[in-house]
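This briefing walks through a single protein chain, starting from its interior and moving outward to its surface and its charged pairs. Please keep the sequence and the structure in view while reading.

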Amino acid sequence: MERILVVDDESTIRYLISEYLRNSGYHIFEASNAEEALRIIQDIDLELVISDIRMPGKDGLWLFKKIRELNEDLSVIMLTALDDTKLAVECLKMGAYDYLVKPFNPEELQISVKGALEKRRLILENREYQKYLEQKVRERTAELENAYQLTLMSLVNALDVKEESTGNHSWRVAFYAEVVAEKMGIAQDEVADIWRGSLLHDLGKIGIPDSILLKKGPLSEEEWLIIKKHPVIGYTLIKDIKPLNNAAQIVLSHHERFDGRGYPNCLKENQIPLGARIFSVVDAFDSITSNRPYRQPRSYRFAIEEIMKHREKQFDPEVVDVFLSIDEKVWTRIRDSIEVKIENKSDVLALIRKKPFRV
């Protein structure tokens with residue numbers, strides 16, 4: 001049963017309207033002035049207010065403005081004398097459903113009340129439907145995000161299968177790069193892009209023949225030219241995937257050098273995306289301190305000396321300085337945590353979803 005408040009300082013009119021609407025099946029409340037009406041509106045969940053405009057003290061226009069502040073979904077019909085129609089029109093512009101000029105017949109009142117309640121019902125139903133749609137969008141987005149994460153994992157694992165000698169290199173440099181980026185104060189959405197780009201940096205090697213990629217001896221000049229295509233191959237594979245647009249730039253530029261002697265585009269200094277400049281430093285660090293088929297891992301001190309030797313040549317000096325400001329224990333903790341996760345195959349998705357390693 002819809003709850004309707006009738007507001008009018010004239011008791012006879014208030015009584016007639018109330019009785020007619022009660023007989024039509026509505027639950028009716030009454031108020032003789034605007035302030036009394038406002039108290040009822042604050043205490044009771046109503047569907048409709050029918051209010052006179054001209055009343056002693058606070059008038060119907062004041063009440064209508066208060067109603068809009070309290071509950072914009074509450075329908076309002078204004079009652080007015082013939083000479084107050086301008087005020088009634090003003091109320092319509094502010095959102096009232098209708099106005100009735102006194103005297104009015106019961107059928108006119110009934111039509112207006114039914115119309116106001118129906119409009120309110122449709123508005124609320126539409127709002128609920130919008131909430132439903134928004135929830136479905138959130139659910140679908142979560143499903144797509146999970147599928148995207150699994151795809152990301154599959155791409156990295158495909159490379160791991162091809163190039164077993166690098167161990168969990170891609171995982172390590174992704175988290176190393178994240179730590180440096182956060183230390184530099186980079187915004188979190190950019191940090192996430194750097195993480196993704198670092199994780200996928202060697203994706204293009206999937207397109208390199210095994211005879212070259214897994215060759216034990218030194219590569220010929222022609223073979224090196226083929227190897228050098230992997231940044232472009234990787235970039236081509238992911239550049240059109242919207243969540244990876246920015247990461248793709250890191251994949252393309254991860255072999256550029258600060259002095260302009262890198263590849264594939266011979267970019268230099270700030271021409272190189274910041275994420276690629278960060279990656280360059282942590283990639284060198286991981287390569288030096290990791291086991292390789294042709295040598296044992298080198299010490300942390302040796303890696304630092306090598307990075308310092310190539311500061312302003314291969315590496316961005318600002319990135320190097322930030323990297324050196326981070327304690328060695330941070331890198332050790334990341335390495336050990338990743339090895340446990342990958343070796344035990346337990347919750348690899350937690351790594352992809354960027355389990356944080358704080359400085």
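In the largest nonpolar core, which has 36 residues, the members that touch the most other members are Val180, Ile278, Phe285, Phe323, Trp331 and Ile334. Two or more residues of this core come from each of α6 (169-183), α7 (188-199), α12, α13, α14 (317-324) and α15 (328-344), and the largest share, nine residues, is supplied by α6. The model is a predicted one, and the points below should be read with that in mind.

**Overall make-up**

- The protein contains 16 helices and five strands, and 45% of its 359 residues count as buried.
- Among contacts between residues at least 6 apart in sequence, 64% join residues that are at least 24 apart.
- The accessible surface of the protein amounts to about 18900 Å², and carbon and sulfur atoms account for 51% of that area.

**Nonpolar cores**

- Leaving aside neighbours within four places in sequence, Trp331 is in contact with Tyr176, Val179, Val180, Phe285, Tyr300, Phe323 and Ile326.
- Apart from the largest core lies another one, of 23 residues, whose members include Leu38, Met55, Leu63 and Ile67.
- As a general background to such groupings, nonpolar side chains in soluble globular proteins tend to be buried together.

**A buried strand residue**

- Ser51 is part of strand β3 (residues 48-52), and it counts as buried because its relative accessibility is 2%, against a limit of under 20%.
- When residues up to four places away in sequence are not counted, Ser51 touches Val7, Gly60, Leu63, Ile77, Met78 and Leu79.

**Packing of helices α10 and α11**

- In helix α10 (residues 230-238), the buried residues are His230, Pro231, Gly234 and Ile238; these residues lie on the same side of α10, because they cover an arc of only 105 degrees around the axis.
- The cover over the buried residues of α10 includes α9 (221-227) and α11 (245-253).
- In α11 the buried residues are Ala247, Ala248, Ile250, Val251, Leu252 and Ser253, and they pack against α7, α10 and α12.

**The loop around Pro297**

- Pro297 is located in the loop between α12 (274-289) and α13 (300-309), and with a relative accessibility of 38% it counts as partly exposed.
- Not counting residues up to four places away in sequence, the residues that Pro297 touches are Ile288, Thr289, Ser290 and Asn291.
- From C-alpha to C-alpha, Pro297 and Ser287 are 8.3 Å apart in space, while they are 10 residues apart in sequence.

**A nonpolar patch on the surface**

- Tyr129, Tyr132 and Leu133 make a nonpolar surface patch of about 300 Å².
- Leu133, one of these residues, is found in helix α5 (residues 106-162) and counts as partly exposed at 33% relative accessibility.

**Salt bridges**

- A search of the whole structure yields 22 salt bridges, some of which are described in the points that follow.
- Arg3 pairs with Asp45 in a salt bridge whose closest N and O atoms are 3.9 Å apart; because Arg3 lies in strand β1 (residues 3-7) and Asp45 in the loop between α2 (34-43) and β3, the pair ties together parts that are 42 residues apart in sequence. Arg3 itself counts as partly exposed, at 24% relative accessibility.
- Asp8 forms a salt bridge with Lys102, where the closest N and O atoms are 3.1 Å apart. This pair links distant parts of the chain, 94 residues apart, with Asp8 in the loop between β1 and α1 (11-23) and Lys102 in the loop between β5 (98-101) and α5; both Asp8 and Lys102 are buried.
- Asp73 forms a salt bridge with Arg127, with a distance of 2.5 Å between the closest N and O atoms. Since Asp73 lies in the loop between α3 (60-70) and β4 (75-80) and Arg127 in helix α5, the pair ties together parts that are 54 residues apart in sequence, and Arg127 counts as partly exposed at 30% relative accessibility.
- Arg14, Glu19, Arg22 and Glu30 are joined into one network by salt bridges that share partners.

Conventions
Residues are numbered from 1 along each chain as its sequence is written. This is a predicted model: local features need pLDDT of at least 70, side-chain atom pairs count only at pLDDT 80 or more; totals for chains, interfaces and linings use all residues. Side-chain values use heavy atoms; hydrogens and water are left out. Helices (H or I, at least four residues) and strands (E, at least two) are DSSP runs, numbered from the N terminus. Buried means under 20% relative accessible area, exposed over 50%, partly exposed in between (1.4 Å probe, protein chains only). Contact means heavy atoms within 4.5 Å. A nonpolar core is a set of buried Ala, Val, Leu, Ile, Met, Phe, Trp, Tyr and Cys residues joined through side-chain atoms within 4.5 Å. Accessible areas come from the Shrake-Rupley method with a 1.4 Å probe; for residues, only the protein chains shown count as cover. The arc is that of the directions from the helix axis to the C-beta atoms. Patches are made of residues with over 30% relative accessible area and no salt bridge: like charges are joined within 9 Å, nonpolar side chains (Val, Leu, Ile, Met, Phe, Trp, Tyr) within 5 Å. A salt bridge is a side-chain nitrogen of Lys or Arg within 4 Å of a carboxyl oxygen of Asp or Glu.
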